[in-house]
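Let's take a walk through this one, starting with a span taken from a record and moving on to a sheet, its helices and the chain contacts.

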Amino acid sequence: MEIVRDPQTRTGSDAVDVRASAQPTDRLEVSRKGPPVVSLKGLSKHYGENVVLDKVDLDVSAGEVVAMVGPSGAGKSTLLRCINLLEVPDAGTVTVGDQCVDAGKEVSAKDAMRLRRTAGMVFQSFNLFPHLTVLRNVSLAQERVLGRSRAEADARSMELLERVHLAHKADTYPARSSGGQQQRIAIARALAMDPQVMLFDEPTSALDPEVGLEVLAVMRELAESGMTMIVVTHEIPFARDVSDRVVVMADGGIIEQGEPHQVINNPQHERSQRFLRAVTER
Amino acid sequence: MEHVSAVLLGVPYTLLVTVVALAIGAVLGLPLALARRSPLAVLNVPARVVIDVLRGIPPVVWLFIIFFGIGNQFVTLDPIQAGSLGLGLISAAYLAEIYRSGLGAVHSGQWEASSALGLSRTDSMVRVVGPQAFRVALPAASTYAIGLLKDSSVVSAIGVADIVFQATGDSRATGAALAPFLVAAAIYILLGTPLAIASRRMDSRLRMRVAR
Amino acid sequence: MNADLLSNWLEWLPDLGRGLQTSVLLAAVSLAIGIPIGLLLAVLVSSRRAAIRMPSIVLVEIGRGTPALVVLQLVYFGLPNAGLTLGPFTAASAALALTTAAYTSEIIRGGLEAVPKGEVEASQALGMSYRDTMRFVLIPQGMRIAIPALVGFGILMFQATSLAFTISLQELLSRAYSIGSSTFLYFQVLLLAGVLYLAITLPSGWLTGRLERRLSRHL
């Protein structure tokens, strides 16, 4: 199974060159050399007195898989939501592909929409549209945002549903699918927009451990196909085995990052030691 | 301006009918709600029929049945009595349903806890469940009361000299067809708004007390 | 007395039946005009722009704060002063449609707000515009959530058609009243009118209950 299709079969007209370098060659090689797809500079966000993000910098290269771990309240999800402007940062710049937004200036709805188009997002609670069939869930934004015809969009949707092994669910409503299936549908829905990066916000936290595995399997295949991914997760084995880089966040900042085995087996920062001991020793 | 003073004459009647009807409804609604919740069919079936029939016939039709029907043929009632009684009976049905959903919203654990403590059913109801149900039912009950203030305007149809009745009379007397009714609309809005604000305030105060 | 009552009722039934038809038609027309306006108002009231939101809220609050009976009098007796004369049925439809719009806008707004926030975020994350999110995600689901309350309101609106008696529309109540005033059997004929109202409101009420249970099962 290969989730990112090769450039020839790509139906989206606005695919950007960056992704050509994200082809399934040697992934590590690519990830280290590719240009940044996501670049965050000095990102800050606070709610009232509470500082959630404190001048965070982060670059993610094309084809790189970044796992973000850390205690709850560290700001991981907020950081992820700032990347596609579901939360508007108070300060800093967000660059995704060739779209750049400066939080210091007024962020228009148009800018936000353009930026969101380049980033696909998968939520903890799936957030499928319950009143639409699975197929319509995947096709709707392709038609409305990318301007694809219904036939084009549906064909693309079927292709993606097949890749997450759920083509047989196309004409059913989401409520008829299990949580794990719904999350795979949500992944297909995000992929249908031909994003340059996929953002995962604790995609398995709402699922039984066993069901979570089928979602992780899809994500692993996606990673192997060369998709650029940022994954907020508590699944340490996934972070260790699948990601190229583990980023540890605590108290609104990145406290440690690096090669997965290195960070997970031998964390340097006292705070990451405490956190990783707590999650790996249970 | 003369329209305002003319229409204002109706305010005491509107308030009188509304308050009396609410009082009747608040009292009669209670046994109706308890009967409706009873596991005994002899109680809950008639209660349900009474509630459905009271709520299923338009208020103005009830007023006509009471004032022209009963009033002409059986007992003589004046318009205010007929209006208050009719709206009071209808209110009893609506308030019974509001009480009932308030009682239903109190967690069954509260009943169990009070009977585990040895409280009688009456004590559980009066001291534990009732006050909590009251709290839950209050927003719906006050919304109903504000609605009733406006709906009481139907009593003008049987000749109670309320706001609408005065507006109609003033309109006939002066030939001005627009102004009296605009004044009436404004008065209803002005009467309803403070009630809405007061009920919201009382609601948040009670919520704080229960939360504590 | 019982045989009398029955033969009277049978005699009045055709006339009252025609009145009932008028009442049902009036309710249907008012709802058909009022609910789409209510939807529009709900969307305007949910607007992020204060310049759109504030006037809409004021409009809705005035509409909800004014008794339907007063709106009816205004439209039928007041508008001719402003140069617009409407027949009883048109005036009643317009007045009840206005009241419907104001009330249903709040019901529909409640439905829109009940749509899980995550779905709005999902459509934003897909790059969909506010307008598209409204149209394809919020409105279809919000309306579905609002259906039981809308049916409940529809029953109240059907009852409110009896207010058109005051502008001498030949609906159910006014036909019953005129039979009453010619036979002096007010009680008997008004009772029949009540039964006819119940014939519509009771089944509709049961339908609402079932609808509510069905829809809550699906969502």
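In chain A, the stretch from residue 38 to residue 276 is 38% helix and 26% strand, and its end C-alpha atoms sit 26 Å apart. That stretch is the one UniProt, in an unreviewed entry, labels "domain: ABC transporter". Keep in mind that this is a predicted model.

**The sheet**

Chain A has an open sheet of 4 strands, with antiparallel pairing and the order S2-S1-S4-S5. Which strands stand at the edges? They are S2 (50-61) and S5 (99-102) of chain A; each has a single partner strand, so one side of each is left without a neighbour in the sheet. From one strand to the next, the twist averages 15°.

Zooming in on one edge, S4 (residues 91-96) of chain A pairs with S5(A) in the antiparallel sense, over 4 bridges. In that pairing, A:Thr95 is opposite A:Cys100 of S5(A).

**Helices on the sheet**

Helix H2 (residues 76-83) of chain A packs on the sheet, where it touches S1 (36-47), S2 and S4 of chain A. The direction of H2 makes about 120° with that of S1(A). Helix H3 (residues 109-117) of chain A lies across S4 and S5 of chain A, and runs at about 135° to S5(A).

**Two residues with positive phi**

The loop between strand S6 (119-122) and H4 of chain A holds A:Phe126. A:Asn127 is found in the loop between S6 and H4 of chain A too. Here are their phi values; neither residue is a glycine:

| Residue | Phi |
|---|---|
| A:Phe126 | about 60° |
| A:Asn127 | about 55° |

Are they buried or exposed? A:Phe126 counts as buried because it has 26 C-beta neighbours inside 10 Å, where the cut-off for buried is 20 or more. A:Asn127 is buried as well, with 24 other C-beta atoms within 10 Å.

**How the chains meet**

There are 2 pairs of chains in contact, and of these chains B and C share the most contacts. Chains A and B have no contact joining them; their closest C-alpha atoms lie 24 Å apart.

Chain A does touch chain C, and that contact takes 19 residues from chain A and 19 residues from chain C. On the chain A side, H3 and helix H4 (134-145) each supply at least two residues. By class, that side has 12 nonpolar, 4 polar and 3 charged residues. H3 of chain A thus turns up twice here: lying across S4 and S5 of chain A, and supplying residues to the side that touches chain C.

Notes: Residues are numbered from 1 along each chain as its sequence is written. Chains are lettered from A and ligands numbered from 1 in the order in which they are written. This is a predicted model: local features need pLDDT of at least 70, side-chain atom pairs count only at pLDDT 80 or more; totals for chains, interfaces and linings use all residues. Two strands pair if DSSP finds at least two bridges between them. Axes are lines fitted to C-alpha atoms, for helices over the stretch in contact, and angles run from 0 to 180 degrees between N-to-C directions. Two residues are in contact if their C-beta atoms, placed from the backbone, lie within 7 Å. UniProt positions are given in the numbering used here, feature names are shortened, and annotations may be inferred rather than shown by experiment. Ala, Val, Leu, Ile, Met, Phe, Trp, Tyr, Cys and Pro count as nonpolar, Asp, Glu, Lys and Arg as charged, and the others, Gly among them, as polar. A residue is buried if 20 or more other C-beta atoms lie within 10 Å of its own, exposed if 12 or fewer, and partly exposed in between; C-beta atoms are placed from the backbone.
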